[in-house]
Amino acid sequence: MLELARRAVRMTQRQLGDVIGLSQSAVSRMEKRGVATYDMNTLARAAHHLGIAPGLVGLADDGAALVTPMEGLDPVERRRFMAGALVTAAAPVLGAAAPAPLDWGASPADVLRVATTAYRRMDATVPARQLADTVQGHMRLVQTVAAQVADQAMRAHLAAAGSEVASLAGWLAWDMADAGSARTWYGASIKAARRSGDRLLIAYQQGSLAQFEVEAGNVAQGLSLIRTARQQIGGERPAIAAAWLSSLEAIAHATGGDERAAERALLTSAAEAEQMPGEEPPPWPWVFAFDLRKVAAARVTCGARLARPRWVLTSLDDATAALSSNHEKQRALLGLDVASGHVASGHLDAAFALATRSLDVGLRLRSGRVVERARTFRRSYSSATPPTVVRDFDTRLHDAYL
């Protein structure tokens, strides 16, 4: 547990040792062969510095006595303990939007939801194919737990948890360029959200499906889903929901070639984003915050689809945070939009250099969504005698076997 937590906060063994009074080699021995007895104060300092519960390093919560948490637990308690360990160890990675570590009385839906959040964040840097089976297994677990629950309120909570997992499975299928499976999973997420009775969750899943349909070229269907999502949550919707839906609408209009409607939606999205309370984590079911930087990124995407380099390049400074984010796939997609702006303005070297970096990310993470976007970008430029930078890009693209 110490090693997991230390790596999560990107701390070296030497740095941790300096804080808790051990050498680097002693920290290594403690992590790799944790069978020796260690001073309770040392363990307590390590746990405190890494932000994990004392119980996860064998201490009682008051640090007064050693315990062996896994011994004597039945299988259900053991699973709960490991789920709590996963949540606590992941908390430094999940950041402000992560839920608080769960106590022993947490509901099954809460525990399952935290695991889903961790998987969603792992998608930023892990190939979808490596996550898909795990997430589908997680879906089966949610369904099994829900089938054993008689209480209607708990079944509704579990339906909400299942809706999130189905939505994530849809996202992963989309990233693997499996449109049929993606559409099926998104449909399942909406049905589960309806069983939960959570209007905000229903709207969120409808917006997610709308985003997919727009990317698939079904602009009219995407806009219809966005309108339905707005009606679902009414006039008192959270600012993050309003801003997000408006940004999706802007991209849909841009995809359909309607510049004026896209501009109006972007202005609306920016105004709604300004109403969001600052520095507060986004409300569930949002995992990632939506702010004015995301609006700027949406404007970059709109500019790319409308072939308006001014939109792309004037929004680039505001979207820089998105380009430098830890979500590599999203960064690659935005990079391809910026590259499209450079093509439209005649800057081929800059365009294809940036597009090549994005394509390399897509190939490394085996992201069909990124590679397909790279193909769309390539179709925006044609020449009988393409320069070397374009030919190099073509070679990478032609060798893409996902």
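Reader: Are Phe352 and Tyr381 buried or exposed?
Author: Happy to start there, with the reminder that this is a predicted model. The two residues belong to separate parts of the chain, with Phe352 in helix α18 (residues 348-364) and Tyr381 in the loop between α19 (368-379) and α20 (388-398). As for their surroundings, both Phe352 and Tyr381 are buried.

Reader: Which kind of aromatic pair do Trp171 and Trp174 form?
Author: A search of the whole structure finds ten aromatic pairs. In this one the ring centres of Trp171 and Trp174 are 5.4 Å apart, with 70° between the planes. Planes over 60 degrees apart count as edge-to-face. The pair of Trp171 and Trp174 is therefore edge-to-face.

Reader: Which helix holds both Trp171 and Trp174?
Author: Trp171 counts as buried because its relative accessibility is 18%, and buried means under 20%. Trp174 also counts as buried, at 8%. The two are three residues apart, about one turn of the helix, and that helix is α8 (residues 152-175).

Reader: What kind of pair do the rings of Phe352 and Tyr381 form?
Author: A pair of aromatic rings is described by the distance of the centres and the angle of the planes. For Phe352 and Tyr381 the centres are 5.9 Å apart. Their planes stand at 70°, so the pair is edge-to-face.

Reader: How many residues apart are Phe352 and Tyr381?
Author: Phe352 sits in helix α18, while Tyr381 is in the loop between α19 and α20. Their pair links distant parts of the chain, and the separation is 29 residues.

Reader: Which residues form one aromatic cluster with Trp171 and Trp174?
Author: Trp171 and Trp174 are an aromatic pair. The cluster they belong to also takes in Tyr186 and Phe212.

Reader: Which residue has its charged end over the ring of Trp174?
Author: There are two such arrangements to look at here. Over the ring of Trp311, 4.5 Å from its centre, sits the charged end of Arg299. Over the ring of Trp174, at 3.9 Å from the centre, sits the charged end of Arg369.

Reader: The backbone oxygen of which residue lies 2.6 Å from a polar atom of the side chain of Thr356?
Author: Thr356 is in helix α18, and it is buried, with a relative accessible area of 11%. Leaving aside neighbours within four places in sequence, Thr356 is in contact with Phe393 and Arg396. The backbone oxygen lying 2.6 Å from its side-chain polar atom is that of Phe352.

Reader: Which helix gives the largest share of the lining of the largest cavity?
Author: The structure holds one cavity of 30 Å³ or more, and about 40 Å³ of space lies in the largest cavity. Its lining is made by Trp171, Asp175, His327, Lys329, Gln330, Leu333 and Arg369. Two elements, α8 and α17 (328-344), give two or more residues to this lining. The largest share, three residues, comes from α17.

Reader: Which residues is Leu333 in contact with, leaving aside its neighbours within four places in sequence?
Author: Leu333 lies in helix α17 and counts as buried, at 5% relative accessibility. Between Leu333 and Thr301 there are 9.0 Å in space, C-alpha to C-alpha, although they are 32 residues apart in sequence. With those sequence neighbours set aside, Leu333 is in contact with Arg369, Val370 and Arg373.

Terms used. Residues numbered from 1 in each chain as written. Predicted model: local features only at pLDDT ≥ 70, side-chain atom pairs only at ≥ 80, totals over all residues. Heavy atoms only, no water. Phe/Tyr/Trp six-rings, centres within 6.5 Å; stacked < 30°, edge-to-face > 60°. Helix = DSSP H or I, 4+ residues; strand = E, 2+ residues; numbered from the N terminus. Buried < 20%, exposed > 50% of the residue type's maximum accessible area, 1.4 Å probe, protein only. Lys NZ or Arg CZ within 6 Å of the ring centre and 35° of its normal. Polar contact = N/O pair within 3.5 Å; in protein donor to acceptor, adjacent residues only side chain to side chain. Contact = heavy atoms within 4.5 Å. 1 Å grid on protein atoms, 1.4 Å probe; cavity = no way out; pocket = protein on both sides within 12 Å on 5 of 7 lines; lining within 4 Å. Points joined across faces, edges and corners; volume = space filled by probe spheres on them.
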